[in-house]
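Okay, thanks for making room for me on the agenda. I'd like to walk you through the charged side chains in this one, so have a look at the model first.

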Amino acid sequence: MLDTLEIRVPPDDDERIDITDPQAVDYWTQWFGVTEERLRLAVASAGTVKDDLRVYLGLP
């Protein structure tokens with residue numbers, strides 16, 4: 001059903017995570033498959049670069 005379908009649009013910069021943008025946080029939590037808290041901890045530890053976060057989170 002169209003009512004339950006959510007379309008997530010990638011942020012303008014798809015290489016860095018903008019942790020201050022709620023829509024970007026929502027997108028990246030879905031993309032990485034992590035909670036917002038886990039994403040924020042990862043950004044605090046590994047920075048905002050997508051590939052660095054992927055490695056930090058142990059994702060392929």
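Let's start on the surface, where Asp-12, Asp-13, Asp-14 and Asp-18 gather in a patch of negative charge. Keep in mind that this is a predicted model. Take Asp-12 as an example from that patch. You'll find Asp-12 in the segment before helix 1, and that helix covers 22–32. Is Asp-12 buried or exposed? With a relative accessibility of 87%, Asp-12 counts as exposed, because the cut-off for that is over 50%.

Quick step back for the overall layout. We've got three helices and zero strands, so to speak a plain α-α-α pattern when you read along the sequence. The protein has 60 residues, and 22% of them count as buried. The exposed area comes to about 4400 Å², with carbon and sulfur atoms supplying 51% of it. And if you take the contacts between residues at least 6 apart in sequence, 25% of those join residues at least 24 apart.

Now, on to the pairs. Side chains of opposite charge can pair when their charged atoms come close. How many salt bridges does the structure hold? Three, and I'll take them in turn.

The one I'd like to spend time on is Glu-15 with Lys-50, where the side chains meet at 3.7 Å, N to O. Glu-15 sits in the segment before helix 1 and Lys-50 in helix 3, residues 50–56, so this pair ties together parts that are 35 residues apart in sequence. How do the two partners compare in accessibility? Glu-15 is partly exposed, at 37% relative accessible area. Lys-50, on the other hand, is buried at 14%, since buried means under 20%.

So what does Lys-50 touch, leaving out residues up to four places away in sequence? The list is Asp-14, Glu-15, Arg-16, Ile-17, Trp-28, Trp-31 and Phe-32. You'll recognise Glu-15 there as the salt-bridge partner, and Asp-14 as one of the residues in the negative patch. So this lysine in helix 3 has contacts that include two tryptophans, Trp-28 and Trp-31.

Next up is Arg-40 with Glu-36, a salt bridge with its closest N and O atoms 2.9 Å apart. Both of these residues are in helix 2, residues 36–46, and being four residues apart they're separated by about one helical turn. Arg-40 counts as partly exposed at 38% relative accessibility, and Glu-36 counts as partly exposed too, at 42%.

That leaves Asp-51 and Arg-54, whose side chains meet at 3.9 Å, N to O. For a salt bridge the cut-off is within 4 Å. Where do Asp-51 and Arg-54 lie? Both are in helix 3, three residues apart, about one turn of the helix. Asp-51 is partly exposed, with a relative accessible area of 36%, and Arg-54 counts as partly exposed at 25%.

To pull it together: there's a negative patch made of Asp-12, Asp-13, Asp-14 and Asp-18, and there are three salt bridges. Arg-40 and Glu-36 pair up within helix 2, Asp-51 and Arg-54 both lie in helix 3, and Glu-15 with Lys-50 links the segment before helix 1 to helix 3. That's me done, happy to scroll back through the model with anyone.

Technical notes: Residues are numbered from 1 along each chain as its sequence is written. This is a predicted model: local features need pLDDT of at least 70, side-chain atom pairs count only at pLDDT 80 or more; totals for chains, interfaces and linings use all residues. Side-chain values use heavy atoms; hydrogens and water are left out. Patches are made of residues with over 30% relative accessible area and no salt bridge: like charges are joined within 9 Å, nonpolar side chains (Val, Leu, Ile, Met, Phe, Trp, Tyr) within 5 Å. Accessible areas come from the Shrake-Rupley method with a 1.4 Å probe; for residues, only the protein chains shown count as cover. Lys and Arg count as positive and Asp and Glu as negative; His and the chain ends are not counted. The place of a charge is taken as NZ of Lys, CZ of Arg, CG of Asp or CD of Glu. Helices (H or I, at least four residues) and strands (E, at least two) are DSSP runs, numbered from the N terminus. Buried means under 20% relative accessible area, exposed over 50%, partly exposed in between (1.4 Å probe, protein chains only). Contact means heavy atoms within 4.5 Å.
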